[in-house]
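Here is a walk through one protein model, told section by section. Keep the viewer open as you read.

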Amino acid sequence: MAADPYITLGVKKDAKSDDIQKAYRRLAKKLHPDLNPGNKTAEDKFKEVSAAYDLLSDPEKRARFDRGEIDASGTERPHQQYYRDFADQGGWSAYTNNAGFSDFGDYAGADDILSKIFGRGDRAGRPRRGQDVHYHLDLEFLDAINGGKQSLVLPDGSALDVSIPPGTRNGQVLRLKGKGRSGVGDGAPGDALIEISVLPHPYFTRKGDDIYLDLPISLKEAVLGAKIKVPTASGMVTAAVPKWSNSGRILRLKGRGVPRADGSKGDQYVTLKLVLPQKPDSELEKFVTQWQPVAESPRQSMGV
């Protein structure tokens, strides 16, 4: 028997959807098989957590579980029905007639009642669409920007190939048609809903469709200007640093940002950061000592 999904995720029964999602993401990051290779205990726990989230993240399934209509595995609980359940509340029934069950032979609706009791009503064979399933996928920053193929390990150990559209955003949910649970009868299968978490990058940050980068430059490059290599999400490009570039100057690389659905791209903004040599340079110290600047103090505007 599956464990109580609220206990599995460590949330209260009145927890909001956001709290359930946060609890799942926290546990999934800790227990994911890719982070615990060969750890059978973590793998089994990850399966339980995923199953619990699948149930509680679906408002309809959660409500049915709370009402006791399905169990923690999503299986229908048997509903015990009695002849009295089908009595005509407006008048005649086998329970209100003194003849008792002998009246069933003459009652035109008896076959309908017995069909319902023994599960032979027309709903039993009605096709039903399969349930959707929910998964979580961590993406590297550049994989989200550039798109591509990713393999998602499922709770049962199988893998699901996921196509990542270029420009995928943090929190975006990708829908894989027909990759959910099988339908009933001729019903279509459900879908797989994959929530994306984009991991931070050590250099790049994203704001909307633009990418931002802090780029160190040397004193010589700042004073004399230079052609330098600049990393972008799609590879290295060459950019010109103008002469006398102060730290904090911003260069715009048009069309080097996030791909959009219409085929265009955002921009990349490069903030120059003047960086002195890590090791002391005696020649540079000698030059600065002898140098007599003719310009005003850089703090003049502050009254200093």
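## Aromatic pairs

There are five aromatic pairs in this structure, which is a predicted model. One of them brings together Y6 and F65, whose ring centres sit 6.2 Å apart. Their planes meet at 40 degrees, so this pair counts as tilted rather than stacked, the latter needing planes under 30 degrees apart. In sequence terms the partners are 59 residues apart, with Y6 in helix 1 (residues 5–9) and F65 in helix 4 (residues 59–66), so the pair links distant parts of the chain. Both partners fall under the 20% cut-off for burial: Y6 has a relative accessibility of 3% and is therefore buried, and F65 is buried too, at 11%.

Next up is the pair of F141 and F204, again with 6.2 Å from centre to centre, but this one is stacked, with 15 degrees between the planes. It also ties together distant parts of the chain: F141 belongs to helix 6 (residues 141–146) and F204 to strand 6, 63 residues apart. How accessible are these two, buried or exposed? F141 comes out at 7% relative accessibility, so it counts as buried, and F204 is likewise buried at 4%.

## A charge over a ring

Another aromatic side chain worth a look is Y212. K207 lies over the face of that ring, 4.9 Å from the ring centre.

## The four-stranded sheet

Which strands make up the open sheet, and in what order? Four of them do, in the order 6-7-11-10, and the pairing is mixed. Strand 6 (204–207) and strand 10 are the edge strands, each with pairing on one side only. On average, neighbouring strands here are turned by 30 degrees against each other, ignoring direction.

The mixed character shows up when you follow strand 11 to its partners. With strand 7 (residues 210–217), strand 11 (residues 268–274) pairs in the parallel sense, over seven bridges. Along that pairing, L215 stands opposite L272, and P216 stands opposite K273. With strand 10, strand 11 runs antiparallel, and four bridges join the two. Here I250 is the residue that stands opposite T271 of strand 11. As a general reminder for reading such a sheet, side chains in a regular strand alternate between its two faces.

## Two hairpins

Away from that sheet, take strand 2 (residues 148–153) and strand 3 (residues 159–164): they run antiparallel and are joined by six bridges. Q150 stands opposite V162 in strand 3. The two strands form a hairpin with five residues between them, and G157 in this hairpin takes a positive phi near 95 degrees.

The second hairpin is made by strand 8 and strand 9, with two residues between them. Strand 8 (residues 226–232) pairs with strand 9 in the antiparallel sense, over seven bridges. T232 stands opposite G235 of strand 9.

## An unusual tryptophan

Follow the chain on from strand 9 and you reach the loop between strand 9 (235–241) and strand 10 (250–253), where W244 is found. What is odd about the backbone of W244? Its phi is positive, at about 55 degrees, although W244 is not a glycine. W244 has a relative accessible area of 64%, which is over the 50% cut-off, so it counts as exposed.

## Helix 8

Helix 8 (residues 282–290) is hardly covered, since the count of buried residues among its nine residues is zero, buried being under 20% relative accessible area. Its N-terminal end is capped by D281: a side-chain oxygen of D281 lies 3.0 Å from the backbone nitrogen of E283.

## The whole chain

Stepping back, the secondary structure of the protein chain comes to eight helices and 11 strands. Of the 304 residues in the protein chain, 33% are buried. Among contacts in the protein chain with a separation of 6 or more, 50% are between residues 24 or more positions apart. The two aromatic pairs described above fit into that picture of distant links: Y6 and F65 are 59 residues apart, and F141 and F204 are 63 residues apart.

Key:
Residues numbered from 1 in each chain as written. Predicted model: local features only at pLDDT ≥ 70, side-chain atom pairs only at ≥ 80, totals over all residues. Heavy atoms only, no water. Buried < 20%, exposed > 50% of the residue type's maximum accessible area, 1.4 Å probe, protein only. Pairing = 2+ DSSP bridges. Axes fitted to C-alpha atoms, helices over the stretch in contact; angles between N-to-C directions. Phe/Tyr/Trp six-rings, centres within 6.5 Å; stacked < 30°, edge-to-face > 60°. Lys NZ or Arg CZ within 6 Å of the ring centre and 35° of its normal. Polar contact = N/O pair within 3.5 Å; in protein donor to acceptor, adjacent residues only side chain to side chain. Contact = heavy atoms within 4.5 Å.
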